[in-house]
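Visitor: Could you take me through the cysteines here, both the bonded and the unbonded ones? I would like a close look, with the cut-offs spelled out.

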Amino acid sequence: MFAGGFGFSGAVTESSVRALWVPQDSEAALNRDEYQLLFPTINTVRYSTIMVTPPATTDEDGDGVGDADMATYEALLELNDFYEKFLAIEVAYNGTNQTFSDLCWKPDPLNPDTCSIESVLDAWSYGNDGENGELKYRLDPAKLLYDHESEENDLGIKLRLSQRFETERGSRITVDSLIGGFYRNAGIIQTIQAYRFGIIFPRGEDDSPWGEAMDKFEFALGKLTVDSNYQHIEPQLLGFRTLSDELANAISGDIVLFAVGYVLMISFCCFALGKNDLVSSKKLVGLMGVISVILAVVGGIGLSCALGTPITPVTQIVPFLALGIGVDDMFIMCNSLSKTDVRLPIEKRIITGISRAGVSITITSLTDFLAFMVGTSSRLPAIRYFCVNLAFCVLFDYFMQITFFAAFLTLDGRREQKNIVDCCCFPICSVKRKVGVEGEVGGEGEGENDVFEPKLSNSLLQKFFSNVMPKLLRSPTFRKLIIISFTGMMIGGGLLGLNVESRFEVYDILTDESPLIEFFQRYYVKFSHLGSGIDVVLKEADFDYVENFGKINLMLQDLEAEESVDFGINNWLIDFREFQQCSPCCKTDAIYTLPGPNAALPVFEGHTTECTPQFTDKLDGLQGGFAKDMVTFNELLFHFLAHDYYGISHLGDVSLIDGCDFQETQESWNEKGCKLQASSFGLRHVGTLNNSPTQERVQAMFGIRAAFKPWELDGFVYCGEYLFWEQYDILDEEAAQNLSVALVCVICVCFFF
């Protein structure tokens, strides 16, 4: 009890999927840690996704997801209505009511009041600072109505969505990442069956006022999606904490199941040990046997928590397995006690019974303990925590059985000797028993020198194993049947085992009632084109991007040629070159200067398209208009990142050395010698991998890593999904290894004992 109380007082819960089901020493996990160190922004934000699909009543292909076209005026009006309600949500923070615009993540140092949110509605936003006092990036209904009326069948709407437009941050984006279930013809979108909003908040500690405000907003947003009642759209939310909260609810939700299981086991034990004879009945023994297991579970898990093992969703399985092991030991001890001479004092009977049962209990408990301790070497944290919990529970149960439960058996034996009825501890409950009952004290024909022979019970199981089973085992036909059956099961099991697939999908660990199952099912159907994003990271601080410009692009083309990689590269270096080549995207009617605090670098001569000598002198004509050296590269990089068209699109793709940030002035930039410490280039796996067998995903992961390695660049290929894909590769090997070690331990115990 002390171990349980001490341990649970400081217990922590862990329900994060990545913290439980990802091997923390895998290449993907190590890459994740390094990626978060190089690009710390990922640690400071929390992402939420709103998915909007048609009502399920419009399903035409039987997948349970609506198939109606949502690129319509009516659907977009409803989408905008939901969007406005979402932006109007208020939560309390520091004594004031805060809306999304107050709480959202604002990553752009040049536009510190601009939220980071991506929506197809940006295609119809107000221009400049808005009209008639309206906020910019709110939908302009006049634009939407014009597109609706300009062409039949809302073709004007589809034409606008087929073009690139700016998000609220001002970054350029194609609509493909924001729509699902779409179809194009000659580059023009014809139908859209889903929309997606990407929402980002600054991240705070869970128990901080800021973290609580974020949680409140997410809860209010979730309630808004559930309560929404539209004719053409059905919104759903996958919040930052939604998955963790669902797993935490699974822990608390199974407490009732846990209680019911123990009540049923108590009932079974009382029934199995109960008899018609109220004195020799042992219903209370069955109850105390289960209580001893409960105490062992409390002590075992408590000690695990005291040693730093968190409580996870898998922990809820531990009490049930511990109950089976503990109750088994209880029946062994009761059966052993029943074989002793009832004429002996109860103390001697207990000693004799424990000496017989103790060996069996010790060996089985030791083998169980060693098997679970072997499991603690698992690379999957959830399995490791589970085995630690169960190993300590087995250990505690062993000591509870030979101490607590054995002591109660002694007390119960004294009760029986005094003819006190079961379930009562007071002499007033004693009864007179009929003399001559076989096997009882004072029974007829029992002398001091008589040899005690325990009476066998008349249960059906006893009759079966005494009368039926020996005859079957002596039968040649039955033995042949057993051999054939065993051989068939071995062959069948082996063949079926070859087809077993290691798999981990997020919805596999959710309860059947979880709304997230429907979310993931719809997402995988409508956004099947969105494969997992890939970041190709170059992390050498002194890397020469000028000299290796061509090598980098060839490497990216090589990776893009992989069968598992979709077309299209987010290449900030190409945009950097375009920026330096005075492309039409950066031309104005006036003398153009590269922007930046306290800096002005003229680019164009007057109203012409010719670059100034001050600018062209910094470029190398042999590189097709690229910086001629790294000194110039770093100087132009400052202007590139400060640009309100290019830079804002790539702030997340570059990482500056310590001490530098994106708000530097030209003077401080040069004084500190600011430069890149790492950069990232974006690729994407093909969407079909989302529903492919796990082995294909593993092959895709190893394939792109293998394609990157020959280029001998200091960096790595990172993808969030690799955290899970890599575990598929180790599961079979780890299972075989742990099973082999456990078998060796069990064989050694059986041999020496």
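Guide: Happy to; what follows goes from the bonded pair to two cysteines without a partner. This is a predicted model, in which local features need pLDDT of at least 70 and side-chain atom pairs count only at pLDDT 80 or more, while totals for chains, interfaces and linings use all residues. Residues are numbered from 1 along each chain as its sequence is written, and side-chain values use heavy atoms, with hydrogens and water left out.

The structure holds one disulfide, a term that stands for a pair of cysteine sulfur atoms within 2.5 Å. The partners are Cys660 and Cys674, with 2.1 Å between their sulfur atoms. The angle about the S-S bond is -90°, and the link of Cys660 and Cys674 is left-handed. Cys660 sits in the loop between strand 17 (654-656) and helix 22 (666-672), and Cys674 in the loop between helix 22 and strand 18 (676-684), so the bond ties together parts 14 residues apart in sequence. Here helices (H or I, at least four residues) and strands (E, at least two) are DSSP runs, numbered from the N terminus.

Cys660 is buried at 13% relative accessibility, and Cys674 is buried at 2%. Buried means under 20% relative accessible area, exposed over 50%, and partly exposed in between, using a 1.4 Å probe and protein chains only.

Now for the unpaired ones. For Cys269, the closest cysteine sulfur belongs to Cys270 and is 6.9 Å away, too far for a bond; Cys269 is buried, with a relative accessible area of 0%. Cys393 is in no disulfide either, as the nearest cysteine sulfur, in Cys305, is 9.8 Å away. Cys393 is also buried, at 1%.
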